[in-house]
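Here is a small set of exercises to work through with the viewer open. Try each task before reading its solution.

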Amino acid sequence: MDFTLTIEQEMLRQSARKFLNTNFTNDYVREMWENTQGYEPEMWTKIADLGWMGLTIPEEYGGLGLTFRDLGVILHEMGRVVMPGPFFSTVVLATELIKMAGSEAQRSNLLEKIASGKLIATVALYEEEVEWGADGIKLSATKNGESYSLQGTKLFVPDAHCADLIIVAARTQKHVDVNEGISLFLVDPQAEGVKIELLPTMDHGRKQCAVSFLNTTVSSNEILGEVGKGWTILEKMLTRANIALGLEMLGGGEKVLEIATEYSKVRVQFGQPIGSYQAIKHKCAEMLLQVESSRSIAEYAAWTVDGNPHEESKSASLAKTYVGNMYRKAAAATLQILGGIGFSWEHDIHLYYKRALASEAMFGDTVFHLEHLASQWD
Amino acid sequence: MNLTMSPDDQMYRAKFLNWLKENIPTEVAWAEEDISEDWQTQAEIFRKFQRKLFDAGYAGIHWPKEYGGQSGTLMQHIIVTEELSANYPWKMFDSLSVGLVAPTLLSRGTEEQKKEFIPKILSGEHIWCQGFSEPNAGSDLANLSTSAVRMGDRYIVNGQKVWTSIGHLADYCILVVRTDPKASKHKGLSYLLVYMKSPGVTVRPIKQITGEAEYNELFFDNVEVPLDRLVGKENEGWLIAITTLMFERIMNEVSILPKLQKSLDRLIDLANNTIRDGQVIIKNPVYRQKIALLQVDVEVMRLNQYRNLATLLKGEMPGPEGSIGKVFWSELNQRMQETALEIMGPYSQLLKGSKYAKDNGKWTFDFLRARGNTIEGGTTEIQKNIIGERVLGLPKDAVRRK
């Protein structure tokens with residue numbers, strides 16, 4: 001039984017922290033907030049040169065062939081700096097789907113491009129009536145000879161505005177078992193009938209879009225996996241996405257606690273550092289309890305992907321529920337401890353708070369994940 | 001990271017479970033646990049069973065052979081602790097003697113103290129209690145005033161202790177006393193091992209919120225304690241009192257987790273067997289969410305514990321994660337018991353003895369008992385001070401800095 005990072009993971013963590021602290025400074029993150037693309041190609045290339053884009057991509061496709069736990073080390077560090085840009089969409093969402101379902105040709109083409117930093121990709125899932133399950137996917141794909149025609153709108157699509165590829169979940173068959181009839185289309189954002197609109201969301205760092213399709217034609221060669229069998233793959237990908245998010249949120253919560261603790265030590269009121277007052281001290285202690293507990297579940301969940309796949313789906317729901325709740329509460333508590341400055345745009349705490357809120361609203365809310373756990377009793 | 005258990009350890013667990021099946025006392029059914037007022041009988045059952053464990057080589061597993069242990073591995077020790085807790089619902093007879101006194105003596109006791117006391121703790125011959133709190137020294141423990149004055153070859157002890165669990169059944173007591181009244185608070189305290197049948201010791205049970213008397217007041221009236229019953233140095237008892245090292249705390253939590261898991265399983269059963277408004281409670285989405293949230297907490301606590309144990313197994317002391325367990329489990333247990341009472345509705349009021357009571361009133365008893373969890377062994381507030389100051393490095397408040 002061992003919970004610690006391997007020597008290689010510890011080295012990866014250290015170099016990731018150094019790189020991110022140097023390159024994703026508060027000023028830079030805020031710059032990206034204001035940047036309509038949300039990232040800069042030069043920085044993207046820099047990250048690709050580190051091998052991070054292809055971390056879990058097999059070596060035969062130009063990746064490093066490392067484990068999901070290894071990727072988790074980096075995501076954790078990215079959470080600490082509220083990393084902006086399309087890394088998560090590309091390296092977690094799209095890459096996992098392509099790895100799981102892609103044909104040999106699709107894998108070698110797309111994964112190689114992702115690994116080398118030449119392709120930004122995302123996944124379009126949710127629609128106007130958000131449902132976390134398969135029944136939420138209603139966007140229609142109608143067959144016309146050797147191609148399909150997409151019709152409808154996707155919402156909350158992360159980073160679609162800067163993507164070179166959007167993987168769209170659409171319904172190729174209706175009136176069947178709800179989990180059947182969903183197919184995954186590889187769509188070029190430049191294709192005819194695709195309209196992408198940046199949504200004015202709270203968290204400007206991880207930008208989201210509305211993507212609509214007006215008779216957009218996609219060749220049947222551009223389907224990922226089997227026609228009509230997309231949901232099973234999406235579910236697996238969402239499990240990993242939640243685990244990945246768990247680690248990112250852990251990093252955010254850890255950093256937020258550091259901000260609260262530092263401030264409590266130096267801010268003096270009534271002649272004493274406010275951290276000496278139990279009202280503040282106990283808030284910080286409660287945060288530590290939740291951050292450390294988050295560490296246990298988030299790291300465990302990441303380990304299950306390669307270490308114990310039977311537990312993967314359950315641990316994803318555990319991590320999403322517990323760590324999501326921790327991050328939102330820790331950011332709110334820290335905002336409160338900071339007082340007036342915490343309420344300002346100038347202080348970074350709102351970046352974390354908004355990321356926490358955005359993260360909790362992704363890939364299934366708490367009610368959904370608790371019900372997923374409860375369904376095991378039936 | 002690797003969380004799998006070695007084949008050897010898995011075999012050891014299977015072997016112990018086999019032994020347990022044959023030897024576990026049948027007198028204590030789950031629903032009776034903690035409710036019987038006959039503590040004396042329960043103590044006897046405990047002593048007999050502890051003796052069996054000792055004879056079979058399942059007591060003090062990773063402690064040295066010369067003190068009655070087995071010199072086995074820490075993992076084996078953990079396995080036995082887990083399975084005992086999951087399968088035998090005894091009262092807290094061993095949590096102090098095996099859980100606290102023996103490890104303290106192992107690290108701080110004299111050779112004679114180790115040889116005299118540890119084997120008797122392991123064989124169930126001695127039950128111990130803990131004389132720390134006083135009427136004017138609760139969270140502010142160092143304010144205690146029970147005195148010990150050296151007279152020739154012994155100390156003369158006078159004073160009063162309170163909230164002493166199983167004091168009425170204990171053979172010995174770990175007692176923190178003031179040996180230097182002139183020294184400032186934390187200095188001037190000493191740590192004694194006191195025989196409870198000594199002349200001048202009076203034990204008065206205190207009836208508690210559950211209706212039973214688990215804890216007691218202890219009165220010391222010129223009680224003589226031989227000098228060789230001092231642990232560590234005179235006036236350095238505070239160090240030993242707070243050396244409830246991380247290790248012991250974590251081992252105690254090892255035995256709490258299986259009980260919480262069991263409570264959760266029973267809670268799901270309860271929700272499956274309770275009908276409200278025409279449907280079983282487990283189908284009610286509000287309760288499903290509440291219970292699932294409890295499951296999240298139990299699973300997270302399990303992983304926190306694995307982390308602690310993994311660190312201990314490597315021979316290191318756990319970091320921050322080691323200090324949060326008490327706050328975590330005590331509040332979780334309260335939430336769990338509260339949910340059970342909500343599920344039972346008006347039945348939650350029924351105590352043992354009513355033919356209408358669910359599980360013989362056990363949930364109600366446990367609910368009331370759980371109120372003590374955030375008070376005993378250091379209140380949640382004191383724990384949070386410790387986390388804030390020792391883990392996060394926040395300053396002490398002005399009054400306590402002086």
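Helices (H or I, at least four residues) and strands (E, at least two) are DSSP runs, numbered from the N terminus. Keep in mind that this is a predicted model.

**Exercise 1. The overall build of chain A**

Task: Work out how many helices and strands chain A has, and how its radius of gyration sits against the globule rule.

Solution:
- Step 1. Count the elements: you should get 11 helices and 10 strands in chain A.
- Step 2. Take the radius of gyration, which is 21 Å, and set it beside the rule's 21 Å for 378 residues; the two are close, so chain A is as compact as a globular protein of that length.
- Step 3. Look at the extents: the C-alpha trace of chain A spans about 80 × 50 × 40 Å along its principal axes.
- Step 4. Check the burial, where 53% of the 378 residues in chain A come out as buried.
- Step 5. Finish with contact order: of the contacts in chain A with a separation of 6 or more, 74% are between residues 24 or more positions apart.

**Exercise 2. One helix up close**

Task: Compare the end-to-end reach of α9(A) with its expected span, then decide whether the helix is mostly covered or mostly open.

Solution:
- Step 1. α9(A) has 27 residues, and at 1.5 Å a residue the expected value is 39 Å.
- Step 2. From first C-alpha to last, α9(A) reaches 37 Å, which is close to that expectation.
- Step 3. For burial, 21 of the 27 residues in α9(A) are buried, and the helix is mostly covered.
- Step 4. Now step off the end: just after α9(A), A:Gly339 takes a positive phi of about 65°.

**Exercise 3. Where the chains meet**

Task: Find which element of chain A gives the most residues to the side that touches chain B.

Solution:
- Step 1. Tally the contact: 38 residues come from chain A and 38 residues from chain B.
- Step 2. List the elements of chain A that give two or more residues to this side: α7 (230-266), β10 (272-273), α8 (278-307), α9 (312-338) and α11 (366-374).
- Step 3. Pick the top contributor, which is α8(A) with 16 residues.
- Step 4. Sort the chain A side by class: 18 nonpolar, 12 polar and eight charged residues.

**Exercise 4. Domains in chain B**

Task: Locate the domains of chain B and describe how domain 1 of chain B touches domain 3 of chain B.

Solution:
- Step 1. The assignment gives domain 1 (7-126), domain 2 (130-235) and domain 3 (246-401) in chain B.
- Step 2. Over C-alpha atoms, the centres of domain 1 and domain 3 of chain B are 23 Å apart.
- Step 3. In the contact, 14 residues of domain 1 of chain B meet 19 residues of domain 3 of chain B.
- Step 4. On the domain 1 side, α3 (74-87) and α4 (93-108) of chain B each supply at least two residues, and α3(B) gives the most, with seven residues.
- Step 5. That side of domain 1 of chain B has eight nonpolar, four polar and two charged residues.

**Exercise 5. Two unusual backbone angles**

Task: Are B:Asn235 and B:Asp277 exposed, partly exposed or buried?

Solution:
- Step 1. Recall the background: most residues other than glycine have a negative phi.
- Step 2. B:Asn235 is not a glycine, yet its phi is positive, about 70°; this residue is in the loop between β8 (230-231) and α6 (237-242) of chain B.
- Step 3. B:Asn235 has 16 C-beta neighbours inside 10 Å, so it counts as partly exposed.
- Step 4. B:Asp277 is not a glycine either and has a positive phi of about 50°; its loop runs between β9 (275-276) and β10 (279-280) of chain B.
- Step 5. With 6 C-beta neighbours inside 10 Å, B:Asp277 counts as exposed.

Notes:
Residues are numbered from 1 along each chain as its sequence is written. Chains are lettered from A and ligands numbered from 1 in the order in which they are written. This is a predicted model: local features need pLDDT of at least 70, side-chain atom pairs count only at pLDDT 80 or more; totals for chains, interfaces and linings use all residues. The radius of gyration is taken over C-alpha atoms; the globule rule is 2.2 Å times the number of residues to the power 0.38. A residue is buried if 20 or more other C-beta atoms lie within 10 Å of its own, exposed if 12 or fewer, and partly exposed in between; C-beta atoms are placed from the backbone. Two residues are in contact if their C-beta atoms, placed from the backbone, lie within 7 Å. Ala, Val, Leu, Ile, Met, Phe, Trp, Tyr, Cys and Pro count as nonpolar, Asp, Glu, Lys and Arg as charged, and the others, Gly among them, as polar. The expected span of a helix is 1.5 Å times one less than its number of residues. Domain bounds come from an automatic or database domain assignment.
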